[in-house]
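Colleague: I'm new to this one, so please pick a single part and walk me through it up close. Plain words are fine.

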Amino acid sequence: MRINRRDFLKWSVAAVAALKLEMDMDKLNTVMAADTDPPVIWLLGSGCSGCSISTLNVTNPTTIEDVLQNKISMKYDSTLMAASGESAMQALENAANQYNGQFILVIEGAIPGGASKNYCIIGEQNGVPLTMYDAVLKYGPKAKYVVAAGTCASFGGVAAAAPNSTGCVSVKSLLGSQTANPVVNLAGCPVNATVMVQTLLDLILTGVPSLDNNSRPSKYFGTTIHSVCPRKGQTQVTQPGIYGCYKNVGCKGPGNQSPCPSLKWNNQQGWCIQSDYPCIGCTAPAFPLNPLITVSSGS
């Protein structure tokens, strides 16, 4: 299935409207009419592939297949591509060299540095194993933009949680100042599909968006969940599964900034609190905390 340009524009506008944002329609028309697609290289490190799955599940009003076919040229993604082994690694190298300084590098998952970096090998180049650690250092400085997809890539997340011998680190901590532009952290476990795709579109249209102190786009991570929670002011309950405010069972909403209340999940069908479970703060740098929530023993 393919969508026409008009339907893609509708999708873009709908995503912006959901967050009450503004978009330059002239620039949007220009990029949609362009003859060439912005190249994207997607590397998968230490993670569960949840961010890939989340992004692939965009369904309203279009699918990720339509987005990829219409405007984003995915040059390398081990989850999506049919090629494997030597041919896949050659495609990665060719794309990085051909589009040096032009491509968008998306990094999903944390980056292991323990055991001589051998916890995560993405393939071989010239018969030598290429670790995720070395791949990020090799291709990150060549990219025009670097996007950390999900909390593991952004802050370490579950992959770096202690106790842990993998030595996992975040994208930004590894690359430091080696990138042409600031690393854009799209936190979430997993990243929200709309945040992922719309940020790629923003990079194509206008460059790096305004970022907060944690390098997250301010327009998605500028408001705490509690401040806009529909249950704010409701009776504070002592158990999940009961309708009410979950502040007393360890809800992270008061301190967690996330677009979950507005964008929601599963084609905007719901989100954690709507499903009667406290916010676990999965977009925060400190995620995951142990325990995720504290349930009272009272009735």
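Modeller: Let's start with C282: its relative accessibility is 15%, so it counts as buried (buried is under 20% relative accessible area, exposed over 50%, partly exposed in between, using a 1.4 Å probe and protein chains only). Keep in mind that this is a predicted model, where local features need pLDDT of at least 70 and side-chain atom pairs count only at pLDDT 80 or more, while totals for chains, interfaces and linings use all residues. Residues are numbered from 1 along each chain as its sequence is written, and side-chain values use heavy atoms, with hydrogens and water left out.

Along the chain, C282 sits in the segment after α12 (helices are DSSP runs of H or I with at least four residues, strands are runs of E with at least two, and both are numbered from the N terminus). Setting aside residues up to four places away in sequence, C282 touches T151, G188, C189, N256 and F287; contact here means heavy atoms within 4.5 Å.

Now for C279, which is also found in the segment after α12 (260–263). At 7% relative accessibility, C279 is buried. Beyond its neighbours within four places in sequence, C279 meets I225, G250, C251, K252, G253, N256 and I273. So N256 turns up in the contacts of C279 and in those of C282.

What links these two cysteines? An unreviewed UniProt entry puts a "binding site" feature at C260, C279 and C282; UniProt positions follow the numbering used here, feature names are shortened, and annotations may be inferred rather than shown by experiment. Those three span 23 residues in sequence, yet no two of their C-alpha atoms are more than 10.6 Å apart, so they gather at one spot.
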